[in-house]
Amino acid sequence: MSLAPLPLVSKVTVLRGLGPARAAALQEAGIESLRDLLWSLPYRYVDRGSLRSLGSLALRGMEPADPGIVTVLGTLQDVRQSTTRVQHMTLTEALLEDGTGSLRLIWFNQPYLGRTLKVGDRLLVFGALSVGRHGLELRSPQFEVMDAAGDTGWVRRFLPLYRRMGPLPGRARQALVAEALGRAHPPEDWLPIELAKDLPDALSALRLLHDPPDDSDALALEEGRTPAHHRLASEELFAFALGVAMRRAGRMRRKGRVVTTSAELRERLHSFLPFRLTGAQRKAFREIVQDLTSGRVMNRLLQGDVGSGKTLVALLSMAMVAETGGQGALLAPTEVLARQHAESFRRILGKEGDALQLLLGGMKAAEKRAALARIASGEARYVVGTHALFQEAVTFQQLQLVVVDEQHRFGVKQREALKEKGGDPHWLVMSATPIPRSLALAVFGDLDQSVLDELPPGRQPITTRLHKPELAERAWERMRGELAQGHQAFVVSPSIDPSDEGKVPLRDIQAMEALLRAIFPDVGLEVVHGRLKADEMAARMGRFVRGEAGILLATTVIEVGVDVPNATVMVVDHAERFGLSQLHQLRGRVGRGTRASHFLMLSGSETERLHTLVETQDGFRIAQRDLELRGPGEFFGVKQAGLPRFQVADLVRDRSLLLRCREAADRTLAHGLSDAQSDWLKREQTRLKLAEIS
Ligand code: ADP
Ligand code: MG
């Protein structure tokens, strides 16, 4: 009986090779349909082209002649287990033979191997060779037990390997996938022709990746850069881009409060300012004014390099709202920053500053009650605070604008909470760190963007140096010189606690404090870190800001925003412990005045990576490099709740594809989606969990 072809939406349970326990394991891993199963690609391919016969493995002197991973295939001749006398480890030893020679395999502390490995098993083994008492051996190698019935899958050059899912071994997936590929009905082609041209259709792409033909490009296959990968990645990215475009279109239809403006008002706002706006600030503010007066809800991302003057643009926007009777709220990631924003706003606003209210979690009860009352009555038209603003007790009289500083530290849920407090306020998001375009699109997809690509005039360049710890004296020498001229210095330490994890022993902040007191006995020193109580932290910061202390020793609590123009030197200890964007952000704490400044990193490792900072001051380039090195999740330093979950697409590798998909999505939306396309989109959105984003 020939079986009818199955649509990809069919449940995996239609496959004959799947019992209930294994189906449950798949479901656990999020695989419910044939589509889910097929889009979950092998994690690796074994290239038979690189398969070695055991007889060809040799020693060169005391070392294996083949460095790196070798792949061998053979039959187990002997399996035995023993316990080591000293540490009581279970040792599993086996001998692999392939007719040309034999090789010893050893595993440590994996007692179950004694039960699973049997003499006569065919094993595909890969690992790095080492030299033991009996010559060459593989220690703790990875392996696949091959099907006794003729090495299924091994007739081809590439063997796909799948991860184990609970009771479903990787190699059982091969059979399931083969059945699914054999029975799947070719799906309709949803991709616009401009994306699909020169690419295989989806089903062919899946075949090419689960069962690569012998002439495939091994490297491209391994790196996910074949046309087949592009096809599948495009499907995911296009669905994502289309969803984002639709959400944006929906927002454009939402009515927003019109903030009235006049030339006279804008003139007055500018007269507050202690300096002329840069061209970029002017342009960004113009874009914001357009949004606020458009009758639609503003949802804008303000990007700019460290020190480009985002805060001032935020203040102007809040002033525009305040001047017309509404309330604006600025949300800062830390209390230090919230206080600092409030102070600088008050300074600029002069007597208007009476309308400003600070709200912090650490406030005393009476103080907080008074603050809440002023916010609820509308007397406070500028509200500055931390996540305390999300709390339920906070009510606004007329919240019209929310400005979020350093957006990526706030989760989607928190943003939603604030949205509910004020009908549908306008929304201005500022990212402290420049974000590469593709990632900004993925995380802030439906936001309009303004970019401050110009620094305020008169900035002195910052000299950046990287010193080995042995040469730290050079950094202290520079610091001594700056302090002697009456300037101030930051010293950044990566850790509050002594720690010996990691390769380099870590100097903690107490050790650094002792060192600094010894080197600079006559200079006032303040120490701040995340474990201080809020008021103690504020007091210590205050003394440094007012110039009463020459040195501020800190953890990364000072990473964002802290603005002390008289500080002209920063020394970062153990620079290797920080991400590039984070270091760039730290560097932005100096060079804020008009004097030449110095950024000095101490590190004995990762010199090549850290050298990026010596080479460039361009935050966007540094961010791109950081993203490539660490991937999107780590890039943000915290787990980003809002990153879409793609199975094939990779936001770093496929960034240009994402930008093309975005353009295609806009065009598709302009022409209107077919019913079938909408259905497909809805399914994809659920699968990629796109609803949780932005
Ligand atoms: P960031 O974009 O990193 O948040 P800030 O808003 O903190 O930057 O601004 C950095 C510094 O530049 C502050 O000291 C601010 O007062 C100053 N500044 C901002 N705009 C201008 C301008 N147009 N001209 C001169 N200085 C400016
Ligand atoms: Mg800032």
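Does H467 count as buried or exposed, and at what relative accessibility? The points below take up that residue after some notes on the chain as a whole.

1. Status of the model. The structure is a predicted model. What follows concerns one protein chain of 694 residues and its ligand 1.

2. Overall make-up. The protein chain contains 23 helices and 24 strands. Its C-alpha atoms fill a box of roughly 90 × 70 × 45 Å along the principal axes. Among contacts in the protein chain with a separation of 6 or more, 74% are between residues 24 or more positions apart.

3. Burial and surface. Of the residues in the protein chain, 53% count as buried. The accessible surface of the chain comes to about 31,600 Å², and carbon and sulfur atoms account for 51% of that surface.

4. Charge. The protein chain carries 92 positive and 84 negative side chains. The centres of these two sets lie 2 Å apart.

5. H467. This residue is found in strand β19, which covers residues 462-467. H467 counts as buried because its relative accessibility is 9%, and the cut-off for buried is under 20%. Leaving out residues up to four places away in sequence, H467 touches R474, A475, L600, M601, L602 and S603. As for D573, the separation from H467 is 106 residues in sequence, and the C-alpha to C-alpha distance is 9.9 Å. D573 is not listed among the residues that H467 touches.

6. S450. Strand β18, residues 448-452, holds S450. With a relative accessible area of 1%, S450 is buried. The side chain of S450 makes a polar contact of 3.0 Å with the side chain of R300. R300 also appears in the contact list of S450, which, apart from neighbours within four places in sequence, reads A284, E287, R300, L301, L302 and Q303.

7. E93. Which strand holds E93? The residue is found in strand β6, residues 90-97. E93 has a relative accessible area of 19% and so is buried, the cut-off being under 20%. A reader who relies on this label should keep both the value and the cut-off in view. The side chains of E93 and R104 are joined by a polar contact of 2.3 Å. Not counting residues up to four places away in sequence, E93 touches D78, V79, R80, S82, R104, L105 and I106.

8. Surroundings of ligand 1. How many residues are around ligand 1, and which come nearest? There are 17, and R276, G307, T311, R459 and R592 come nearest. Helix α11, residues 310-323, supplies the largest share of this shell, with three residues.

9. Polar distances at ligand 1. A polar side-chain atom of T311 is 2.7 Å from an oxygen atom of ligand 1. For R592, an N or O atom in the side chain lies 2.7 Å from an oxygen atom of the ligand. At G309 a polar backbone atom is involved, 3.1 Å from an oxygen atom of ligand 1. Taken alone, ligand 1 exposes 560 Å², and the protein buries 83% of that area.

Conventions. Residues are numbered from 1 along each chain as its sequence is written. Chains are lettered from A and ligands numbered from 1 in the order in which they are written. This is a predicted model: local features need pLDDT of at least 70, side-chain atom pairs count only at pLDDT 80 or more; totals for chains, interfaces and linings use all residues. Side-chain values use heavy atoms; hydrogens and water are left out. Helices (H or I, at least four residues) and strands (E, at least two) are DSSP runs, numbered from the N terminus. Buried means under 20% relative accessible area, exposed over 50%, partly exposed in between (1.4 Å probe, protein chains only). Contact means heavy atoms within 4.5 Å. Accessible areas come from the Shrake-Rupley method with a 1.4 Å probe; for residues, only the protein chains shown count as cover. Lys and Arg count as positive and Asp and Glu as negative; His and the chain ends are not counted. The place of a charge is taken as NZ of Lys, CZ of Arg, CG of Asp or CD of Glu. A polar contact is a pair of N or O atoms within 3.5 Å; within protein, one must be able to donate a hydrogen and the other to accept it, and residues adjacent in sequence count only if both atoms are side-chain atoms. A residue is near a molecule or strand if one of its heavy atoms lies within 4 Å of it.
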